[in-house]
Structures are given as structure tokens and as C-alpha cells.
Amino acid sequence: MEPRILGQFRAIVGKGLITETSELHTYECDGLTNLRALPQAVLLPTSTSEVQAIVRICQREKIPFVARGSGTGLSGGALPVDKGVVISLARMNRILEVDLPNARVVAEPGVVNADVTQRVAPHGYFFAPDPSSQSVCSIGGNVAENSGGAHCLKYGFTTTHVLALEVVLPDGSIVHLGSRAVDRPGYDLPGIFVGSEGTLGIATKVVLRIVKKPAVIQTLLAAFNSTTEAGAAVSGIIGAGMLPAAIEMMDNLAIQAAEASVHAGYPNCGGLLLVELDGPAAEVEHLMEQVGEICTQCGAWEIRVAQSEAERAVVWKGRKAAFAAMGRISPNYIVQDGVIPRTALPKVLGDIERMSAAEGLRVANVFHAGDGNLHPLVLYDGRIAGQEERAMELSINILRLCVKYGGSITGEHGVGEEKKMMMGEMFAEPDLETMQLVRCAFDPEHLSNPGKVFPRTRLCAERTGPYQPHPLEVAGVAQFF
Amino acid sequence: MGTRPLPHPSIAAVEAAWSDLRTRVGEEHMRASMMEDAVDDVLPHMVIEPGTPEEVADALKIATGARLKVIPRGGATKMDWGNPPRGGELILSTRRLKRVVEHAWGDMTATVEAGCTFQQLQETLAVHGQRLALDPLWPERATIGGILATNDSGPLRVRFGSLRDLIIGITLALPDGTLAKSGGKVVKNVAGYDLPKLATGSLGTLGIITQAIFRLHPLPRESRTLSLSISDSGNMNALVLAIQDCNMVPTGVQVRAGSAAGPEVDLRFEGTSSGCEAQMEQTLGIASGARRIESPADVWNAHSELWSRAEASVVCKFSLLPADLGTFLDSIVEATESLHLAWRLVAQAVGAGYLRLESKDSGALITVLEALRKKLEARGGSLVILRCPHEIKSKTDVWGSAGDALALMKSIKAQFDPAGVLNPGRFVGGI
């Protein structure tokens with residue numbers, strides 16, 4: 001990068017400019033470590049105006065930029081781009097305001113997810129999105145990925161809990177999307193921005209909705225001989241008209257790994273179910289009895305109900321550690337993230353089992369069973385020639401299977417760099433072209449995290465038709481009357 | 001504007017377009033308009049009723065090609081919402097797209113065409129004990145497409161959120177004839193941009209919704225309602241906040257107030273009977289200063305009772321922070337008292353509601369509306385005029401401020417509808 005530009009960046013962020021190759025390596029990948037690229041520079045702004053000043057330079061010099069939070073993403077969304085810079089929001093990590101009467105929190109993008117809950121917990125509130133990485137992942141990253149977690153079955157995703165954002169657009173202007181009150185007149189811009197994977201601009205402030213902690217939380221653990229039996233129990237619970245806070249399922253391989261790693265004390269079974277109910281005490285107790293009965297009818301041979309915070313923590317420990325635990329039973333593994341209509345679960349699991357056997361590769365399964373979000377973990381040994389490629393192929397074929405059954409290629413990890421070529425399997429070309437109209441409105445020059453999410457980039461000027469907006473008009477600088 | 005004003009279409013081009021439209025959707029599904037088809041002071045020439053999403057897309061393409069401005073219409077219950085259109089030659093009705101395409105009850109999702117009425121959808125879902133957890137205005141006539149385009153909601157949003165929290169997939173017909181899908185049939189899905197949310201509340205300015213997919217909820221086992229009369233606005237707001245600040249799970253927290261009656265609060269609990277009873281008890285403990293009253297009949301439909309046309313009136317939607325509800329009531333009293341305006345309001349505790357103002361003096365109505373809007377916008381809220389005498393619409397913008405994101409909204413409009421054929425001028429900021 002030209003010294004002239006580096007000098008301008010340094011004038012904005014001072015020591016928050018990284019150009020040493022050894023230090024740049026820290027930013028060469030996110031949680032998807034098999035994709036790596038070295039950025040030209042990394043900038044660590046501490047305020048909205050610094051972000052704005054950086055983006056203005058990027059805009060003027062046509063330097064692509066990638067916003068980054070804690071770097072825990074699993075789809076390569078924060079992978080640096082060619083000839084681009086990384087803008088890390090890690091130093092913008094203040095909780096600016098807590099408004100309990102209105103249940104709102106205003107946070108900078110670098111605030112860690114769990115810190116929001118920690119801040120409001122003394123008042124009986126929590127921030128509902130709870131990705132497994134919540135102790136390190138950032139609010140800005142949650143916004144980019146529309147992160148979910150085990151409890152989004154009942155409480156919704158990040159998008160449910162973001163009311164408004166301050167955003168630096170790729171042209172360097174600052175805009176306010178949404179409002180602290182609901183239903184701001186106009187297009188639902190927070191709705192389109194959340195989950196856009198850093199391709200529409202950089203959020204510099206986020207107004208979050210917090211939720212009152214339920215009166216009672218109980219978690220039931222049930223052991224079945226197979227995931228099919230456990231799946232039948234899930235159908236029974238949903239069919240009985242209940243909406244649990246979470247329903248999680250693990251297969252035997254996943255249980256073995258969790259046991260080897262954190263000794264969660266899970267029974268050694270073919271299919272393990274965790275069902276969490278929350279709400280008023282009278283309601284939860286009544287419904288938990290029914291959940292227990294349904295599990296027993298479906299073949300559960302061991303049932304435990306965790307009631308205290310400590311007991312629940314033990315039950316959840318194995319599930320939350322499940323991904324990392326794979327390292328105990330396999331040298332390498334690929335975490336996949338697909339979604340299927342919940343009722344297709346038995347068929348899809350059967351298919352995965354057959355595909356796994358045919359490839360000679362083990363697949364461990366961890367799911368958010370209530371909403372059909374699968375996390376198959378394809379295990380392999382990278383030291384054996386060709387095995388990584390076969391594992392990749394298998395994991396992609398599992399996604400194809402999800403699409404075939406009417407599901408999605410990603411439930412919460414995002415498309416990023418990893419899955420952009422899969423978008424064409426889920427959507428037709430006109431669908432993808434239409435989505436990119438939004439990109440053209442926000443970022444016509446493709447500077448903000450370019451090349452991600454979509455398999456092909458739509459050229460914003462190529463739109464045919466009776467009228468093509470002038471770039472200045474698109475940027476809001478000039479208008480036609 | 002974000003879109004260039006359309007040149008007048010040539011007579012030959014228009015004649016050719018009518019002919020093409022007739023051929024595409026069938027003679028019997030296209031007719032000349034009548035007075036009741038007028039939208040504010042604009043009377044379109046023709047009304048067409050395509051029978052498939054493909055026909056909708058093709059009709060739009062034909063209309064765009066001839067520079068015909070198109071006004072989408074569902075059940076026609078809210079055609080007076082929005083600013084008067086800048087013109088409109090064609091009404092495109094979704095009336096014939098009325099199928100519930102699929103109720104995947106095991107997956108708790110439903111796919112429904114835009115012209116299906118809300119009531120028809122709910123009746124279909126109820127067969128398997130489920131519902132779309134929303135209570136919009138005029139469910140027997142309002143269609144899914146229109147409810148989405150106007151982002152309508154009711155008391156249930158306290159527990160289940162609004163449409164943006166319930167919609168998971170959409171099919172949109174664009175002015176260039178593209179039929180585009182976004183989202184899908186699974187509740188959890190982050191593949192691509194969230195166009196279902198962008199379309200929700202866009203008043204048909206980006207494309208015509210032909211189909212939507214929703215997540216569903218079980219019908220409640222039991223339901224209990226409790227109504228309380230409260231001495232003043234301050235105590236009312238304190239009670240509403242106290243209820244939200246305890247760990248009960250109401251499916252309705254509603255405030256009713258007006259110039260003729262003091263504030264009343266309605267609460268609804270759904271679930272098991274033991275759960276409902278326990279929460280009713282808890283509420284009465286919290287609301288010790290309030291007087292329990294008999295709930296009026298159909299109290300959860302109170303928001304639709306503000307719309308009778310009996311007198312010269314305005315109905316508007318307001319939004320505010322929940323803790324500002326009390327001071328908002330005080331502001332209404334302050335603004336209306338000296339001008340002798342009657343008013344009634346139904347608000348949901350999330351901070352959204354409808355306000356009806358009555359007066360034969362439209363100048364007084366405008367004065368009050370502007371005063372209230374100013375107060376609401378200063379605190380992050382909004383006031384949108386939905387139904388009013390035409391005289392008021394000609395003098396004020398019904399939407400209020402869209403803030404500093406208006407240029408961005410116009411860019412989005414310009415991308416989706418570069419010729420500006422869809423509902424021109426009816427939306428925020430002249431979009």
C-alpha cells in the first residue's frame with residue numbers, strides 16, 4: 001500500500017494501524033481457518049468519526065475494506081480481500097447506554113455478546129441471541145451474521161433484537177437505520193442490514209432490545225437408542241403445541257466427543273435430547289411433565305431434569321463444547337451448518353449416514369432440533385492425502401441434501417466466502433440478481449466486503465431498462481426533479 | 001426524487017399495452033375502472049386481476065414497458081393509506097391469488113398467496129391447531145399481501161412480534177417482469193439478503209408480493225383477559241412498565257384511553273389454565289392501585305373500532321418508547337383541550353397504537369397532528385396519518401420524517417423500480 005495512504009490512515013488511528021506482516025497474520029482468517037489471505041493493513045478505530053474517515057479514504061482510493069469483530073465467524077465472512085484493508089471494531093467496545101424501562105441497550109459493535117447480558121443480568125434481563133461463541137463474539141459480528149443460538153427457537157435471532165443502527169455507508173456517509181421506537185416509517189433498513197455479512201456498510205452503534213429473564217427455566221435431558229427416536233420425541237413436543245426455549249439433539253459420536261472433552265456426564269446413547277422450557281412456574285412444571293411423558297413414549301430410557309442454574313450449566317456444558325470437542329476424536333473436522341424442515345429429520349439423517357459410510361468418513365451430528373438447524377461435523381485426517389478434499393465434498397453434499405429437502409445452506413453461520421458458490425443451488429439467478437439490487441443501492445462500487453455472499457457480483461451500472469440512476473443520485477448527492 | 005418522472009406514454013403504446021394485458025390475463029379478468037376504484041383523487045383506467053404469480057410479473061412488465069403507473073391492491077381495505085399517488089393508470093388486484101399453498105403443520109410453516117384473506121388463512125391453519133400469531137385490522141377482508149405491504153399488527157405483537165418476526169419467505173414480482181424469491185420454508189435461514197423484511201411495510205413500492213411464507217405458532221390452550229381502570233396516565237404507564245418488568249408472559253398488554261374516559265389497561269394471558277391463573281393473580285398483586293373492571297366485549301379488537309366514518313375524523317398510527325406512553329396521553333390532552341377535539345386511542349405496550357381525533361375543523365386537526373408528531377419524533381417515535389379528509393392530505397405529508405436514511409431508501413426504490421411505476425408518490429418522502 002502506498003506510503004501516502006498509510007500516512008493518512010495513521011493520522012486517523014495513530015497506533016491503531018497495523019502493517020507489520022507478522023502482526024497482520026492475526027487477521028488473515030476468521031473462525032474458518034482453512035481460508036486465509038493477508039490484508040494490506042489493519043485499522044483499529046475507536047470512534048464512529050474515525051470509521052467514517054477511514055471509509056472516506058477507502059472510497060476515494062477505491063480500496064476494498066472488510067469489517068471485523070472478534071473473528072469467530074465460521075464462513076469466512078471476515079476473510080481479508082485482495083488489495084484491501086481490515087477495519088477491526090474491537091476497540092469500539094463500550095456499552096453506551098442501558099435503558100431498563102424501555103428494555104433497550106445501546107452498544108458499540110466491538111462489545112462482546114455475553115457482556116450485554118452480564119451488564120443487565122442484575123436487573124433480571126438478558127440479551128437473547130446466544131451463539132455458542134457468545135463469550136467472545138461481538139455484537140457487530142452478530143449483526144453481520146444475524147447470529148442465532150440454541151434459544152432462538154423461542155426468542156428469535158439477532159434481527160429480532162436489533163431496533164436501530166448507526167451505520168457508516170461505503171460512501172463514507174453516516175446514516176441512522178430504524179429507531180428506538182418500533183415501526184419507523186419507511187423501508188425496514190435494520191431488517192435488510194442485519195445479516196448482510198458486512199457487505200452494506202459498517203455498523204458503529206447498535207440499539208438492542210433486551211428481554212426479561214423468565215421466572216423459571218428447566219432443562220430436561222433424555223437418552224434414546226437412536227436419533228430417530230429422539231426426533232420422534234421432538235415432533236411429539238411440537239405437535240402438543242409447546243414452544244420450548246430450546247431443543248437440542250446430539251448423536252452418539254457427538255456425545256463421545258463431548259464426554260472426552262468436558263466430561264458432561266451424558267449417558268452413552270444413540271440420541272440425546274436437551275429440552276429447555278421457560279416461563280411462569282406453574283406453566284413450566286405442568287409442561288415439563290408432558291415433555292417427560294412424550295420422551296418416555298418415544299423410547300427414552302433415562303430422563304434427568306435440571307432445575308438449578310448449576311445443574312443446567314452442567315447439562316449444557318457438553319452441548320456448548322461440542323464443536324471444539326471434535327478435536328478429541330479426530331485430527332481435523334469441518335463444521336457444517338444447514339437447515340431442513342424439521343419433519344425431514346429422520347430421512348436426512350438416514351441419508352447422511354449412508355453418505356458417510358460411502359465416503360468412509362465419520363460424521364458427528366449436533367442439531368438445534370426444534371428449528372431443523374443441523375450442524376454435521378465431518379471428521380477427517382488432513383495428513384492422509386485426499387481426505388480433506390473428500391471431507392469438503394461430503395460436507396457440501398450434505399448441504400445439497402438440505403436444499404433438496406426444502407431447507408437452507410446456512411441457518412446461522414452465514415454464506416461468507418465459504419458457501420457463496422452454494423447460493424446458486426438454493427436460489428435461481430433472478431433471485432440472486434434481485435438481492436443484489438440492495439447491494440447496488442448501499443454499495444454501488446462494491447467496496448464493503450466485496451466478493452462475499454454471492455457467487456457472481458452484479459455490476460450495478462448494468463441494469464437495463466428505461467432509466468438508469470446516475471451514481472451521484474444513487475449516493476444521494478444529486479437528485480433528478 | 002430518486003426516480004425520474006415518467007414521460008406521458010404515447011397513445012399507441014398504451015393501446016398496445018391494454019391489448020397485451022388482455023391477452024396475458026384473459027379478457028374476463030380485465031375491466032374499466034369505476035368510481036370506487038379511485039385512490040384518493042386518482043382514478044385509474046383499468047383494473048386487472050392476474051391469476052398466477054407469473055401473470056402478475058408479466059402484467060407488470062407490460063405496464064412498465066408502456067410507462068403505465070401501477071397501483072397494487074389486495075382486499076382494498078387500506079387504499080387510503082399513504083400520500084395521494086402521483087398518478088396511476090392501472091390497478092393490479094391480487095384477488096385471484098387466494099390459495100393457501102401449503103400448511104406444513106409438522107414444520108409449523110405456511111405458504112400462502114398474496115390475495116388470500118387473513119381469516120381464510122387462519123381458518124385453514126386452525127384445522128391443525130395453529131395460527132399466524134398476528135391480529136391485523138379487518139381480517140375477514142384484508143389480504144396477506146396488503147397486510148404485509150402496510151406492516152399491520154395488533155395486540156399479539158407484545159408476545160410474538162410483528163410481521164418482520166413472522167415472515168420467513170417471499171416471492172416478489174418486479175416491474176421488469178422478474179419473479180424473485182427470497183428467504184425460504186425454514187424458520188432459521190441466513191442465506192442471502194432478507195428481502196421478506198424489506199418488502200414488509202414497503203407499501204407496494206418495490207414490487208408486488210405474490211406469495212409469502214410464515215412461521216406459525218400453536219393456538220393457545222387457554223386464554224384469560226383482565227381489564228383494569230386506572231386513575232391517571234402516570235399510573236397507567238407505571239403499571240404497563242411494571243408488567244413488562246416482571247417475568248410474566250402476556251400475549252396482550254393494551255391501553256385504551258380517550259377524551260370521554262380515563263385510561264384502561266387490558267391484559268391477556270395464554271397457555272395452560274394454571275399458568276394463566278397464576279399470572280392473573282400476580283398481575284392483581286402488581287396493580288393494587290387499579291380497579292378491576294369487566295372487559296368490554298371484543299376488547300382485543302378495540303383497535304379496529306376507531307375507524308368508523310361517522311364523523312369528520314383522522315386516524316393515525318403512532319409509535320413511541322413504552323416509557324413515553326403516559327406523557328403522550330398528557331400531550332394529547334394538552335393539544336386537544338383548548339381546541340375541543342374528541343379523541344380515542346388504543347395502544348399496545350410495545351409502543352405502537354392508533355389514535356382517532358374528531359373535529360369538523362380540519363385546521364384544528366392539522367394543528368394537533370403536527371404538535372403531536374413533533375413531540376413523538378423528538379423522542380425517536382413517529383406519527384403517520386392513515387385515514388383523513390382529503391383536505392388534510394393535500395396540506396400535510398402523512399408520513400412525517402424518514403430521517404437521514406431517506407436518500408438510501410430512494411436509492412433502493414430506484415434499483416427495484418427504476419421507471420417509478422409502482423405506487424408513485426404514496427410512500428415516505430415522496431417515494
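**View 1. The buried residues of helix α13 in chain A.** Leu345(A), Val348(A), Leu349(A), Ile352(A) and Ser356(A) are the buried residues of α13(A). Look down the helix axis and these buried residues sit within an arc of 100°, so they line one face of α13(A). This is a predicted model, so keep that in mind for each view here. Which elements cover that buried side of α13(A)? Among them are α8 (227-239), β18 (363-368), β19 (373-380) and α14 (387-404), which belong to chain A.

**View 2. The other face of α13(A), and what comes after the helix.** Turned away from the buried side are the exposed residues Lys347(A), Gly350(A), Arg354(A), Ala357(A) and Ala358(A). As a quick geometry check, α13(A) covers residues 345-359, and its 15 residues should span 21 Å at 1.5 Å a residue. The end C-alpha atoms are 21 Å apart, which agrees with that expectation. Just past the helix comes Gly360(A), with a positive phi near 70°.

**View 3. Domains of chain A, with a look at domains 2 and 4.** The domain assignment splits chain A into domain 1 (3-88), domain 2 (95-212), domain 3 (214-323) and domain 4 (330-426). How far apart are the C-alpha centres of domain 2 of chain A and domain 4 of chain A? They lie 29 Å apart. Where these two domains meet, domain 2 of chain A puts in seven residues and domain 4 of chain A puts in eight residues. On the domain 2 side of that contact, the classes come out as three nonpolar, two polar and two charged residues.

**View 4. An open sheet in chain A.** Four strands make up this open sheet, in the order β1-β2-β4-β3 (chain A), and the pairing is mixed. At the edges stand β1 (17-18) and β3 (65-68) of chain A; each has a single partner strand, so one side of each is left without a neighbour in the sheet. Zoom in on β1(A) and you'll find it paired with β2 (residues 41-43) of chain A in the antiparallel sense, over two bridges. In that pair, Leu17(A) stands opposite Leu43(A) of β2(A).

**View 5. Strand β6 of chain B and the strands it pairs with.** Is β6(B) largely enclosed or left open by the rest of the structure? Four of the five residues of β6(B) (residues 109-113) are buried, so this strand is largely enclosed. Four bridges tie β6(B) to β5 (residues 100-104) of chain B, and the two run antiparallel. One residue pair to pick out is Glu102(B), whose bridge partner in β6(B) is Thr111(B). β5(B) and β6(B) form a hairpin with four residues between them, and Met108(B) in the turn has a positive phi of about 55°. β6(B) also pairs with β10 (residues 208-215) of chain B, again antiparallel, through five bridges. There, Glu113(B) stands opposite Gln211(B) of β10(B).

**View 6. Where chain B touches chain A.** In this interface, 80 residues of chain B are in contact with 83 residues of chain A. On the chain B side, the elements that each supply at least two residues include β9 (179-183), α6 (195-199), α7 (233-245) and α8 (273-286). Which element of chain B gives the largest share of that side? That's α12(B), with eight residues. By class, the chain B side divides into 37 nonpolar, 30 polar and 13 charged residues.

Technical notes
Residues are numbered from 1 along each chain as its sequence is written. Chains are lettered from A and ligands numbered from 1 in the order in which they are written. This is a predicted model: local features need pLDDT of at least 70, side-chain atom pairs count only at pLDDT 80 or more; totals for chains, interfaces and linings use all residues. Domain bounds come from an automatic or database domain assignment. Ala, Val, Leu, Ile, Met, Phe, Trp, Tyr, Cys and Pro count as nonpolar, Asp, Glu, Lys and Arg as charged, and the others, Gly among them, as polar. The expected span of a helix is 1.5 Å times one less than its number of residues. A residue is buried if 20 or more other C-beta atoms lie within 10 Å of its own, exposed if 12 or fewer, and partly exposed in between; C-beta atoms are placed from the backbone. The arc is that of the directions from the helix axis to the C-beta atoms. Two strands pair if DSSP finds at least two bridges between them.
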